[in-house]
Amino acid sequence: MPSTVIVGTQWGDEGKGKVTDFLAERAGVVVRYQGGNNAGHTVVVGEEEFRLRLVPSGILYPEKLCLLGNGMVIDPEALVSELSELEGRGVSTANLRISDRAHLILPYHKRLDELEERGRGAGKIGTTGRGIGPAYNDKSARIGIRMADLLDPAEFHEKLAANVELKNHYLKQVFGADGFSAAAIEEEVLALAEKFKGRITDTSVVLHEALRAGKKVLFEGAQGTFLDLDHGTYPFVTSSHPTAGGACIGAGVGPTAIDKVIGVVKAYTTRVGAGPFPTELKDATGDRLRERGHEFGTVTGRPRRCGWLDAVVVRYAVRVSGLTGIAITKLDVLDGLATVKICTGYRIKGEVTQHFPASLKAVEAAEPVYEELPGWSESISDATKLADLPANARRYLDRIAELAGVPIILVSVGQRRRQTLILDELF
Ligand code: IMP
């Protein structure tokens, strides 16, 4: 029953798409367990680039079973458009199944995301505007509409009517905004559902059967540890659980089904949206990382904030997700820097701590304690094994592993599949 969870250790955008794609080659089943189309996983195959939002990266291998788990929130419009884009590019989506317990993102969720965000003013979260938070709100308020409801039009009709009435009241009273027509949403969503309802099933059962049959399962996390609703920089977080525990709840398996947890660590740190970021560089080095690393959002195109690697952040991810190994991505982006820095602790009110504080005021006040290491001038993009890397790049990696307290299993030195150095057993 070999199964592995992949999680982002930072604020998302760590390059999970590529690592997942690489591990997916060795898996039989790939499962997304949380989030929705706020994610954007970029995978490069040959000359082609795929930007996946909802569909697991395993879809690029025709024989893999791909599951959208119950922990996800799914926008039918985004799903149909992603499926038709993939099919249009010759990628078969025949092996994709959708949990009957996954929640739907409906047009009013997207409108509310936009209006609630605007209402936050200076305290805005910087959401992706995809309706993620409002859909999860409905889920926890126990009024959400699930995939299973699409298979029962009378049930869907009733739930939608009740929800639209409630939302229209809220839209009008709180925002003075126009409401929605339940009939129009019903017609639109049922027409879209025709294109995917044959895939709706109990994916937990499918997963258990696959595990019993000895298939390797890969749980593909979206976003990152610091965007986790419980463990992230609350309230500047997403509304789901990108940490490893989220895989159990969001896919319908127990912790005993998981053998390994791999954390993806970008060789530096980035963040999109608002919220504290201790190692942020608002200088030429930050701009250099952004340009060289193409650090612009896959979903929204927003420039990402960039900074040095933060070992406090990585160690936190190791702890809350029980990481068994880490995968380092985008090491090549650091090529040509005279020195590279790693934050090893925060100085807060004169005291150095190794732990990420819950209070955002404390995080904002945190002064990073840096360790400076020599950089490397050579390009490392053609490296195929660890020994090909300059000594200083290896030294940087060794120090990261030492600070994280877990081994590095893989290093990525470019977007392509071949630009990957494997250091340890992957599955
Ligand atoms: P939401 O998930 O759209 O509600 O956005 C909440 C926060 O999470 C915002 O700061 C977003 O920028 C961030 N976020 C959501 N999805 C991703 C992602 O896939 N990568 C990076 N940041 C994300």
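These questions and replies cover the ligand site and the cavities of a predicted model.

The model is predicted: local features need pLDDT of at least 70, side-chain atom pairs count only at pLDDT 80 or more, and totals for chains, interfaces and linings use all residues. Residues are numbered from 1 along each chain as its sequence is written, and side-chain values use heavy atoms, with hydrogens and water left out.

Me: What makes the atom pair of threonine 128 and the ligand a polar contact?
Reply: A polar side-chain atom of threonine 128 lies 2.6 Å from a ligand oxygen. A polar contact is a pair of N or O atoms within 3.5 Å, so this pair counts.

Me: How much of the ligand does the protein cover?
Reply: The protein covers 96% of the 470 Å² of accessible area that the ligand has on its own (Shrake-Rupley method, 1.4 Å probe).

Me: Why is the second largest cavity said to lie between the domains?
Reply: Domain 1 (1-100 + 202-427) and domain 2 (104-193) both give residues to its lining, so it lies between them. The domain bounds come from an automatic or database assignment. Lining residues have an atom within 4 Å of a cavity point, on a 1 Å grid where a 1.4 Å probe fits but cannot get out. Among them are Asp75, Pro76, Ile105 and Glu188.

Me: What makes four residues in the lining of the largest cavity charged?
Reply: Asp, Glu, Lys and Arg count as charged. The lining includes Arg51, Glu82, Glu85 and Arg89, so the class count has four charged residues.

Methods. Polar contact = N/O pair within 3.5 Å; in protein donor to acceptor, adjacent residues only side chain to side chain. 1 Å grid on protein atoms, 1.4 Å probe; cavity = no way out; pocket = protein on both sides within 12 Å on 5 of 7 lines; lining within 4 Å.
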